[in-house]
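Colleague: I am new to this structure and should like to learn how to read it. Could we begin with a single side chain and work outwards?

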Amino acid sequence: MEKSKDPLHGITLQTIIEQLVDFYGFDTLAEFVNIKCFKDNPSVKSSLTFLRKTDWARKKVEELYIRTLPKLNK
(Lines give C-alpha, C1' and ligand atoms only; values in the text may rest on other atoms or scores of the structure.)
Protein backbone atom coordinates (compact mmCIF):
# COMPACT_ATOMS: atom_id res chain seq x y z
CA MET A 1 0.00 0.00 0.00
CA GLU A 2 1.32 3.44 -0.92
CA LYS A 3 1.79 5.94 1.88
CA SER A 4 -0.13 9.17 1.45
CA LYS A 5 1.98 12.16 0.45
CA ASP A 6 -0.40 14.45 2.33
CA PRO A 7 1.31 15.39 5.64
CA LEU A 8 -2.13 15.88 7.21
CA HIS A 9 -3.35 12.41 6.27
CA GLY A 10 -4.68 10.58 9.32
CA ILE A 11 -4.05 13.50 11.69
CA THR A 12 -7.01 14.99 13.53
CA LEU A 13 -7.54 18.71 13.92
CA GLN A 14 -7.33 18.18 17.68
CA THR A 15 -3.88 16.58 17.34
CA ILE A 16 -2.72 19.47 15.15
CA ILE A 17 -3.88 22.07 17.67
CA GLU A 18 -2.46 20.18 20.66
CA GLN A 19 0.95 19.78 19.00
CA LEU A 20 1.06 23.43 17.94
CA VAL A 21 0.04 24.62 21.41
CA ASP A 22 2.68 22.37 23.02
CA PHE A 23 5.32 23.67 20.64
CA TYR A 24 4.44 27.39 20.43
CA GLY A 25 1.90 28.17 23.16
CA PHE A 26 -1.28 30.14 22.45
CA ASP A 27 0.49 33.54 22.55
CA THR A 28 2.81 32.69 19.70
CA LEU A 29 0.07 30.83 17.82
CA ALA A 30 -2.04 33.99 17.93
CA GLU A 31 0.85 35.91 16.33
CA PHE A 32 1.09 33.38 13.49
CA VAL A 33 -2.66 32.95 13.00
CA ASN A 34 -4.55 36.06 14.04
CA ILE A 35 -7.80 34.55 15.29
CA LYS A 36 -9.75 35.32 18.43
CA CYS A 37 -9.89 31.72 19.70
CA PHE A 38 -6.08 31.84 20.14
CA LYS A 39 -6.18 35.24 21.90
CA ASP A 40 -9.21 35.50 24.17
CA ASN A 41 -9.32 32.83 26.85
CA PRO A 42 -7.79 30.22 24.53
CA SER A 43 -8.35 26.50 24.90
CA VAL A 44 -8.03 23.50 22.63
CA LYS A 45 -11.81 22.96 22.88
CA SER A 46 -12.76 26.51 21.84
CA SER A 47 -10.19 26.44 19.04
CA LEU A 48 -11.60 23.16 17.72
CA THR A 49 -15.14 24.56 17.75
CA PHE A 50 -14.09 27.66 15.82
CA LEU A 51 -11.76 25.94 13.35
CA ARG A 52 -14.30 23.25 12.45
CA LYS A 53 -16.71 25.99 11.35
CA THR A 54 -14.19 28.34 9.73
CA ASP A 55 -12.43 26.95 6.67
CA TRP A 56 -10.02 29.86 6.04
CA ALA A 57 -8.77 29.76 9.64
CA ARG A 58 -8.40 25.97 9.63
CA LYS A 59 -6.40 26.23 6.40
CA LYS A 60 -4.00 28.72 8.01
CA VAL A 61 -3.55 26.48 11.06
CA GLU A 62 -2.94 23.44 8.84
CA GLU A 63 -0.38 25.39 6.78
CA LEU A 64 1.42 26.43 9.98
CA TYR A 65 1.38 22.81 11.15
CA ILE A 66 2.94 21.62 7.88
CA ARG A 67 5.67 24.30 8.16
CA THR A 68 6.26 23.31 11.81
CA LEU A 69 6.41 19.53 11.20
CA PRO A 70 10.17 19.39 10.57
CA LYS A 71 10.76 21.07 13.96
CA LEU A 72 8.25 18.77 15.70
CA ASN A 73 9.98 15.64 14.43
CA LYS A 74 13.40 16.52 15.89
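Modeller: Let us do so, bearing in mind that this is a predicted model. The side chain of T68 reaches the backbone oxygen of L64, at a distance of 2.7 Å. T68 itself is placed in helix α4.

Colleague: Is T68 buried or exposed?

Modeller: The relative accessibility of T68 is 0%, and the residue therefore counts as buried; the cut-off for that class is under 20%.

Colleague: Which residues does T68 touch, leaving aside those up to four places away in sequence?

Modeller: Those residues are L20, F23 and Y24. L20, F23 and Y24 appear again where α1 meets α4.

Colleague: How should one read the packing of two helices?

Modeller: Two packed helices are described by the angle between their axes and by the distance between the axes. In the present case, helix α1 spans residues 13-32 and helix α4 spans residues 55-72; their axes come within 10 Å and cross at roughly 95 degrees. An angle of 65 to 115 degrees counts as roughly perpendicular, and α1 and α4 are therefore roughly perpendicular to each other.

Colleague: Which residues in α1 and α4 meet?

Modeller: From α1 come L13, I16, Q19, L20, F23, Y24, L29 and F32, while α4 supplies R58, V61, E62, L64, Y65, T68, K71 and L72. Sorted by class, this contact has 11 nonpolar, 2 polar and 3 charged residues.

Colleague: R58 and E62 are in that list. What general idea applies to charged side chains?

Modeller: Side chains of opposite charge can pair when their charged atoms come close. The structure holds 2 salt bridges. One of them joins R58 to D55, with the closest N and O atoms 3.0 Å apart. In the other, the side chains of R58 and E62 meet at 3.8 Å, N to O. D55, R58 and E62 are thus linked in a network of salt bridges.

Colleague: How many residues apart are these partners in helix α4?

Modeller: R58 and D55 are 3 residues apart, about one turn of the helix. R58 and E62 are 4 residues apart, so about one helical turn separates them as well.

Colleague: Which of D55, R58 and E62 count as exposed, and which as partly exposed?

Modeller: D55 has 53% relative accessibility and so counts as exposed, the cut-off being over 50%. R58 is partly exposed, its relative accessible area being 23%. E62, at 22% relative accessibility, also counts as partly exposed.

Terms used. Residues are numbered from 1 along each chain as its sequence is written. This is a predicted model: local features need pLDDT of at least 70, side-chain atom pairs count only at pLDDT 80 or more; totals for chains, interfaces and linings use all residues. Side-chain values use heavy atoms; hydrogens and water are left out. Axes are lines fitted to C-alpha atoms, for helices over the stretch in contact, and angles run from 0 to 180 degrees between N-to-C directions. Helices (H or I, at least four residues) and strands (E, at least two) are DSSP runs, numbered from the N terminus. Angles under 35 degrees count as roughly parallel, over 145 as roughly antiparallel, 65 to 115 as roughly perpendicular and the rest as oblique. Contact means heavy atoms within 4.5 Å. Ala, Val, Leu, Ile, Met, Phe, Trp, Tyr, Cys and Pro count as nonpolar, Asp, Glu, Lys and Arg as charged, and the others, Gly among them, as polar. Buried means under 20% relative accessible area, exposed over 50%, partly exposed in between (1.4 Å probe, protein chains only). A polar contact is a pair of N or O atoms within 3.5 Å; within protein, one must be able to donate a hydrogen and the other to accept it, and residues adjacent in sequence count only if both atoms are side-chain atoms. A salt bridge is a side-chain nitrogen of Lys or Arg within 4 Å of a carboxyl oxygen of Asp or Glu.
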